[in-house]
Amino acid sequence: SNVIEPWVNAIKHLQSIAWRGHSKDCTVAGCIGCGEDAIRSYFHAKQCEYLIHDGREAWLITSRRRGKTEVAVFRVMCKLLGYNPLTNDFTPTPQHWWIAGLDFPMVRDALLDTFQRLMPPETTKWGNDMEAWGLAKTDMIAHIFNGSKLGFKSCDSGPSKFQSVGLDGVH
């Protein structure tokens with residue numbers, strides 16, 4: 001059971017992000033999902049289409065403030081953890097991904113911040129003394145408990161930083 005515990009916790013974590021319980025007795029102003037007792041996806045329909053797409057290339061084009069960063073980071077998290085809570089599909093791990101931003105401030109302030117907000121706190125233990133993940137801030141690489149790695153890159157560092165690297169994906 002010690003081997004299974006971190007995986008179960010990872011799946012529970014992804015499920016807790018992807019699905020939200022709504023109540024007909026909700027008093028939260030502006031909650032668009034309430035009015036009945038139901039479990040609904042946290043993501044809107046177009047984001048869900050993007051999350052369940054299993055092709056080699058996927059595009060998510062929307063206007064400002066529509067959740068592109070959050071859904072993109074969540075999709076990579078699913079790949080790294082080996083589970084998609086919307087399709088209930090498992091994927092092989094470990095995986096090695098990069099998330100790239102236009103410049104370093106975008107990577108630091110938007111992408112890395114979103115990843116840290118969506119992942120459990122860095123010191124979370126998902127089994128015995130096993131940390132869920134850790135971040136090497138000097139090279140901006142997150143190491144996941146299952147051996148997966150996520151690197152954060154900025155496009156302003158030049159094309160040479162993106163050459164000759166074997167990855168499972170770049171976002």
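Partly exposed means a relative accessible area between the 20% below which a residue is buried and the 50% above which it is exposed. Arg108, with a relative accessible area of 40%, is therefore partly exposed. Keep in mind as you read that this is a predicted model.

**Salt bridges**

Arg108 is a good place to start, as it forms a salt bridge with Asp109. Asp109 is partly exposed too, at 47% relative accessibility. A search of the whole structure turns up 3 salt bridges, and here they are side by side.

| Acidic residue | Basic residue | Closest N to O |
|---|---|---|
| Glu49 | Lys46 | 3.5 Å |
| Glu70 | Arg117 | 3.0 Å |
| Asp109 | Arg108 | 2.8 Å |

The pair Glu49 and Lys46 sits within helix 2, with the two residues 3 apart, or about one turn of the helix. Glu49 is partly exposed at 46% relative accessibility, while Lys46 has a relative accessible area of 52% and so counts as exposed.

What does the bridge between Glu70 and Arg117 tie together? Glu70 forms this salt bridge from helix 3. Because Glu70 lies in helix 3 and Arg117 in helix 4 (residues 104-118), the pair ties together parts that are 47 residues apart in sequence. Glu70 is buried, at 17% relative accessibility, whereas Arg117 is partly exposed at 49%. Leaving out residues up to four places away in sequence, Glu70 touches Tyr42, Thr114 and Leu118 as well as Arg117.

**Helix 3**

Now for the helix that carries Glu70, which covers residues 68-81. Helix 3 reaches 20 Å from its first C-alpha to its last, close to the 20 Å expected for its 14 residues at 1.5 Å a residue. Helix 3 is mostly covered, with 11 of its 14 residues buried; among them are Val71, Phe74, Arg75, Met77 and Leu81. After helix 3 comes Gly82, whose phi is positive, near 80°.

**Cysteines**

If you work with thiols, you may wonder how many disulfides the structure holds. The count is 0. A disulfide is a covalent bond between the sulfur atoms of two cysteines. Cys78, one of the buried residues of helix 3, has 5% relative accessibility. Cys155, at 42%, counts as partly exposed.

Cys48 belongs to helix 2 (residues 45-52) and is buried, with 17% relative accessibility. Beyond its neighbours within four places in sequence, Cys48 is in contact with Ser41, Phe43 and Leu86. Leu86 is 38 residues from Cys48 in sequence, yet their C-alpha atoms are 7.6 Å apart in space.

Note on methods
Residues are numbered from 1 along each chain as its sequence is written. This is a predicted model: local features need pLDDT of at least 70, side-chain atom pairs count only at pLDDT 80 or more; totals for chains, interfaces and linings use all residues. Side-chain values use heavy atoms; hydrogens and water are left out. Helices (H or I, at least four residues) and strands (E, at least two) are DSSP runs, numbered from the N terminus. Buried means under 20% relative accessible area, exposed over 50%, partly exposed in between (1.4 Å probe, protein chains only). Contact means heavy atoms within 4.5 Å. The expected span of a helix is 1.5 Å times one less than its number of residues. A disulfide is a pair of cysteine sulfur atoms within 2.5 Å. A salt bridge is a side-chain nitrogen of Lys or Arg within 4 Å of a carboxyl oxygen of Asp or Glu.
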